[in-house]
Amino acid sequence: MKKLTFVVAALFAGLTSFAQTWSLDKSHAKLSYTTSHLMVSESDGYFKVIDSKITSPKNDFTDAVVEFTADVNSINTDNTDRDNHLKSPDFLDAAKYPSITFKSKSFKKVGDKKYKVIGDLTMHGVTKQVELDATFNGTAVHPYNQKTVAGFKVTGKIKRTDFGVGTSTPAAVVGDEVNLIANLEYFKD
């Protein structure tokens, strides 16, 4: 039994040693969103403070695990009053729920540079499974620091009321559907 345990442990260690970790280059990353306002225009914003990590067993990122966090207090719509309202208990309640998190369960290649990413999004104390589309923009070697970098564009749609956000605000005022757009650059650790 000891021999079998040792063999399994050695095999597992060998498999996990091939996993690559990628950290977010925060100066080249942005999580933004848009939603309708009064059904005639769009309102948008972004989170100034975000962090993310990818752990990938394969060079093409198939089966990668993505972890992502956004600081709710860093929301920015270029309007202080609106930012404060979005941080209030009427919407995101930043004092009670300071972070939005995502952790992937599945990262599957569906086309040449296209992926479907399924995972758990937690916002406003509610966790729901969401499906996102990711485009892999490729890798390059950064000319200044010589690190390998990888770029992704991730898009998806969620309903804010599914997460208990702004439930007293009608969709005719602020749209229920929220379009997410993330442009993310990672460097290989």
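Which residues do ring pairs link into a cluster? In this predicted model, the cluster consists of Trp22, Phe61, Phe107, Tyr115, Phe136, Phe152 and Tyr186. The chain that holds these rings has 189 residues, of which 38% count as buried, and its secondary structure comes to 2 helices and 11 strands. The points below proceed from the chain as a whole to the aromatic residues, then to selected strand residues and finally to two loop positions.

**Overall architecture**

- Read from the N terminus, the order of elements is α-β-β-β-β-β-β-α-β-β-β-β-β.
- The C-alpha trace spans about 65 × 45 × 30 Å along its principal axes.
- Contacts between residues at least 6 apart in sequence include a 54% share that joins residues at least 24 apart.

**Surface and charge**

- The chain exposes about 10,900 Å², and carbon and sulfur atoms supply 56% of that area.
- There are 24 positive and 22 negative charges in the chain, and the mean positions of the two sets are 8 Å apart.

**Aromatic pairs**

- The structure holds 8 aromatic pairs.
- One of them joins phenylalanine 152 and tyrosine 186 in an edge-to-face arrangement, with 6.2 Å from centre to centre and 80 degrees between the planes.
- Because phenylalanine 152 belongs to strand E10 (residues 148-159) and tyrosine 186 to strand E11 (residues 177-188), this pair ties together parts that are 34 residues apart in sequence.
- Both partners are buried: phenylalanine 152 has a relative accessible area of 4%, and tyrosine 186 has a relative accessibility of 2%.
- A charge also sits over an aromatic ring, with lysine 30 over the face of tyrosine 46 at 4.4 Å from the ring centre.

**Phenylalanine 107 and serine 106 in strand E7**

- Phenylalanine 107, a member of the ring cluster, is found in strand E7.
- With a relative accessibility of 3%, phenylalanine 107 counts as buried.
- Beyond residues up to four places away in sequence, phenylalanine 107 touches Phe61, Thr62, Asp63, Ala64, Val66, Tyr115, Lys116, Val117 and Phe152.
- Among these contacts of phenylalanine 107 are Phe61, Tyr115 and Phe152, which also belong to the ring cluster.
- The C-alpha atoms of phenylalanine 107 and aspartate 133 are 9.8 Å apart in space, while the two residues are 26 apart in sequence.
- Serine 106 also lies in strand E7, which covers residues 99-109.
- Serine 106 is buried at a relative accessible area of 18%, a value that falls under the 20% limit for burial.
- Outside its neighbours within four places in sequence, serine 106 is in contact with Lys116, Val117 and Ile118.
- Lys116 and Val117 thus appear in the contacts of serine 106 and in those of phenylalanine 107.

**Threonine 34 in strand E2**

- Threonine 34 is found in strand E2, residues 30-37, and counts as buried at 16% relative accessibility.
- Not counting residues up to four places away in sequence, threonine 34 touches Glu42, Ser43, Asp44, Glu177, Val178 and Asn179.
- Threonine 34 is separated from glycine 175 by 141 residues in sequence, yet their C-alpha atoms are 9.2 Å apart in space.

**Phenylalanine 68 in strand E5**

- Phenylalanine 68 lies in strand E5, residues 65-71, and is buried with a relative accessible area of 12%.
- Leaving aside neighbours within four places in sequence, the contacts of phenylalanine 68 are Leu31, Ile50, Asp51, Ser52, Ile100, Thr101, Phe102 and Leu184.
- Phenylalanine 68 and valine 173 are 105 residues apart in sequence, and the distance between their C-alpha atoms is 29 Å.

**Loop residues with positive phi**

- Methionine 39, a residue other than glycine, has a positive phi near 60 degrees.
- Methionine 39 lies in the loop between E2 and strand E3 (41-47), where it counts as exposed at 62% relative accessibility.
- Glutamine 146 likewise is not glycine and has a positive phi, near 65 degrees.
- The loop between strand E9 (126-141) and E10 holds glutamine 146, which is exposed with a relative accessible area of 54%.

Key: Residues are numbered from 1 along each chain as its sequence is written. This is a predicted model: local features need pLDDT of at least 70, side-chain atom pairs count only at pLDDT 80 or more; totals for chains, interfaces and linings use all residues. Side-chain values use heavy atoms; hydrogens and water are left out. Helices (H or I, at least four residues) and strands (E, at least two) are DSSP runs, numbered from the N terminus. Buried means under 20% relative accessible area, exposed over 50%, partly exposed in between (1.4 Å probe, protein chains only). Contact means heavy atoms within 4.5 Å. Accessible areas come from the Shrake-Rupley method with a 1.4 Å probe; for residues, only the protein chains shown count as cover. Lys and Arg count as positive and Asp and Glu as negative; His and the chain ends are not counted. The place of a charge is taken as NZ of Lys, CZ of Arg, CG of Asp or CD of Glu. Rings of Phe, Tyr and Trp (its six-membered ring) pair if their centres lie within 6.5 Å; planes under 30 degrees apart count as stacked, over 60 as edge-to-face and the rest as tilted. A charge sits over a ring if NZ of Lys or CZ of Arg is within 6 Å of the ring centre and within 35 degrees of the ring normal.
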